[in-house]
Amino acid sequence: MVMTDLLKPEEIKKALDAFSAETFDPRKFFEMVGMKAMTAENVKKVFQVLDVDGSGFIEEEELKFVLKGFSKDGRDLTDDETKAFITAADKDGDGKIGIDEFEALVHE
């Protein structure tokens, strides 16, 4: 499965363009690509696309490249953006984002 099976390519491009030079805000990005309106089941499918190693978690290394999971044209997150993303989503403090934490962040 690829991201465009779940989300509209034009919404992905618009959101990526919005954050090309601006500090990445995961909540705002997820809203812009239409994820906030998705069912929990479909948000979990997005998570599975982003969980590149299939571990059931999005770790810091995967998170740096999260925008590339939406489009090959996505930029890398900065270290500060990556840490802020983990802080926003990692509710149990294990340093990685689980599927339920991801879904909760999207639907906040």
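This note comments on the nonpolar core and the aromatic contacts of the structure.

1. The model is predicted: local features need pLDDT of at least 70, side-chain atom pairs count only at pLDDT 80 or more, and totals for chains, interfaces and linings use all residues. Residues are numbered from 1 along each chain as its sequence is written, and side-chain values use heavy atoms, with hydrogens and water left out.

2. The largest nonpolar core (buried Ala, Val, Leu, Ile, Met, Phe, Trp, Tyr and Cys residues joined through side-chain atoms within 4.5 Å; buried means under 20% relative accessible area with a 1.4 Å probe, protein chains only) has 31 residues. Those with the most contacts inside this core are Phe 29, Met 35, Phe 70 and Phe 102. Among the elements that give two or more residues to the core are helix H2 (26-32) and helix H5 (66-70); helices are DSSP runs (H or I) of at least four residues, numbered from the N terminus.

3. Leaving aside residues up to four places away in sequence, Met 35 touches (heavy atoms within 4.5 Å) Leu 7, Phe 30, Val 43, Val 46, Phe 70, Phe 102, Val 106 and His 107.

4. The whole structure holds 9 aromatic pairs (ring centres within 6.5 Å; planes under 30 degrees apart are stacked, over 60 edge-to-face, the rest tilted). Phe 19 and Phe 24 pair edge-to-face, at 5.6 Å centre to centre and 70 degrees between the planes; both are buried.

5. The ring centres of Phe 29 and Phe 70 are 4.9 Å apart with planes at 80 degrees, so this pair is also edge-to-face. Phe 29 lies in helix H2 and Phe 70 in helix H5, so the pair ties together parts 41 residues apart in sequence. Both residues, Phe 29 and Phe 70, are buried.

Note on methods. Buried < 20%, exposed > 50% of the residue type's maximum accessible area, 1.4 Å probe, protein only. Phe/Tyr/Trp six-rings, centres within 6.5 Å; stacked < 30°, edge-to-face > 60°.
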